[in-house]
Each structure stands twice: as C-alpha cells, then as structure tokens.
Amino acid sequence: MPLQGSVSRRYARALFQIGVDRGTFERLGDELVELAAVYRSSSELRQTLENPVFRPADKRAILEKILPRVTPTLEVQRFVLLLLERGRITALPAIARAYQELADQHTGRVRAQVTSAQALSPPDLERVRRSLERRTGKKVLVDAAVDPALIGGVVARVGDLVLDGSVRTQLNTLRDKLLN
C-alpha cells in the first residue's frame with residue numbers, strides 16, 4: 001500500500017501544481033473530490049473501468065461521456081483520462097484525498113471530524129469549529145457525524161489530535177478507576 005500512496009501523492013502533486021500555476025487549485029480539487037465520490041459510489045462504473053475484459057477504447061468512451069457532467073474543467077478531464085490510460089484509475093479516491101491534503105497545507109487549514117451522539121445545531125458546530133481553530137491555530141473545516149453510542153458529548157479528531165469529551169469515555173474512565 002505505501003506504493004499506492006506514493007503514486008497517489010505524485011499524481012495529486014502534478015494536478016495541484018497546475019491548479020496553483022493557473023490560480024484554480026480549489027476548483028480543480030472540488031471537481032476531483034466530486035468525481036472520486038462518483039467513482040466510489042458506483043460499483044457499476046468501477047467494475048467497468050477496472051475490468052480487463054472491456055477494451056481501453058470502450059472505457060475511455062464511457063469516461064468521456066461522464067466527465068463533462070461531473071467535472072467541467074478540461075484539466076481534470078484530461079487528468080482522469082490519463083489515469084485510465086496508465087492503469088491508475090483505481091487510485092482516483094486516494095489521489096483526491098492527497099490533493100485535498102496539498103490544498104489544505106497550501107491554504108493553512110485542517111480538517112476535523114466531529115462526532116456527537118446527536119446532530120449538532122449550526123451554532124454548536126460553529127462553537128466547536130472556533131474552539132478547534134484556537135487550539136490548532138489554523139482554519140478548520142468541520143465534517144460532522146453522529147454516533148449514538150457516544151451517549152452524549154463530542155469527539156473531535158484533527159489530524160493526530162483527538163479531543164474526547166464523550167460521556168461514553170467519561171463513564172469508561174470512571175469504571176476503570178472504580179475497578180482498580
């Protein structure tokens with residue numbers, strides 16, 4: 001898998017540099033992420049593009065029909081066709097993640113996964129985001145998720161930093177103290 005990650009970063013860096021040079025890296029990244037989501041969500045598309053039974057020309061024709069609807073930018077369309085041609089189309093989701101990491105680094109932002117027992121209201125989510133920004137010193141993009149097993153509270157992950165204020169963890173800690 002390290003090879004896959006290395007290849008993904010190289011391809012992502014190449015497209016990212018084009019975007020930086022042209023001042024369109026955010027738009028290219030958004031299109032790449034959206035296309036990767038389409039690729040991940042459609043098992044039919046994945047099986048067609050990955051299956052050696054289909055001729056390369058047929059795979060290309062399918063992509064050429066789909067691409068303009070998902071990604072209007074010619075740079076991204078050419079990039080994805082190059083991935084197909086080089087047999088790297090399976091790396092598309094990993095390339096999109098690597099691209100996001102490059103864009104985040106370039107803009108000084110980080111992504112946070114915030115999980116709560118119930119959906120947080122927009123003002124609560126905004127308070128969590130501001131708190132994480134103070135803690136990290138960077139602009140934080142929040143991806144919210146719900147996990148009823150937390151019972152209550154919030155767990156926030158920003159890179160390697162995990163802030164766990166869930167009731168489940170507090171109860172587990174209390175149980176461990178009582179048993180020891």
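Me: Leaving aside neighbours within four places in sequence, which residues is Gln-77 in contact with?
Reply: Happy to help! In this predicted model, Gln-77 is in contact with Leu-67, Pro-68, Thr-71 and Pro-72, once those sequence neighbours are left out.

Me: Cool, and where does Gln-77 lie?
Reply: You'll find Gln-77 in helix H5, which covers residues 74–85.

Me: Is Gln-77 buried or exposed?
Reply: Gln-77 has a relative accessible area of 13%, and the cut-off for buried is under 20%, so Gln-77 counts as buried.

Me: Back to Pro-68 then. Which helix is Pro-68 found in?
Reply: Pro-68 sits in helix H4, residues 56–70.

Me: And what does Pro-68 touch, not counting residues up to four places away?
Reply: Pro-68 touches Leu-63 and Gln-77.

Me: Why does Pro-68 count as partly exposed?
Reply: Because its relative accessibility is 44%, and partly exposed lies between the 20% and 50% cut-offs.

Me: How many Å separate the C-alpha atoms of Pro-68 and Ala-156?
Reply: They are separated by 37 Å, and the two residues are 88 residues apart along the chain.

Me: New topic, strands! How many bridges join S1 to S2?
Reply: Eight bridges join strand S1 (residues 109–116) to strand S2 (residues 139–146), and the two run parallel.

Me: Which residue in S2 is the bridge partner of Arg-109?
Reply: That would be Lys-139.

Me: Last one: what do S1, helix H7 and S2 make?
Reply: Together they make a right-handed β-α-β unit, with helix H7 spanning residues 122–136.

Terms used: Residues numbered from 1 in each chain as written. Predicted model: local features only at pLDDT ≥ 70, side-chain atom pairs only at ≥ 80, totals over all residues. Heavy atoms only, no water. Helix = DSSP H or I, 4+ residues; strand = E, 2+ residues; numbered from the N terminus. Buried < 20%, exposed > 50% of the residue type's maximum accessible area, 1.4 Å probe, protein only. Contact = heavy atoms within 4.5 Å. Pairing = 2+ DSSP bridges. Right-handed = clockwise from strand over helix to strand, strands pointing away.
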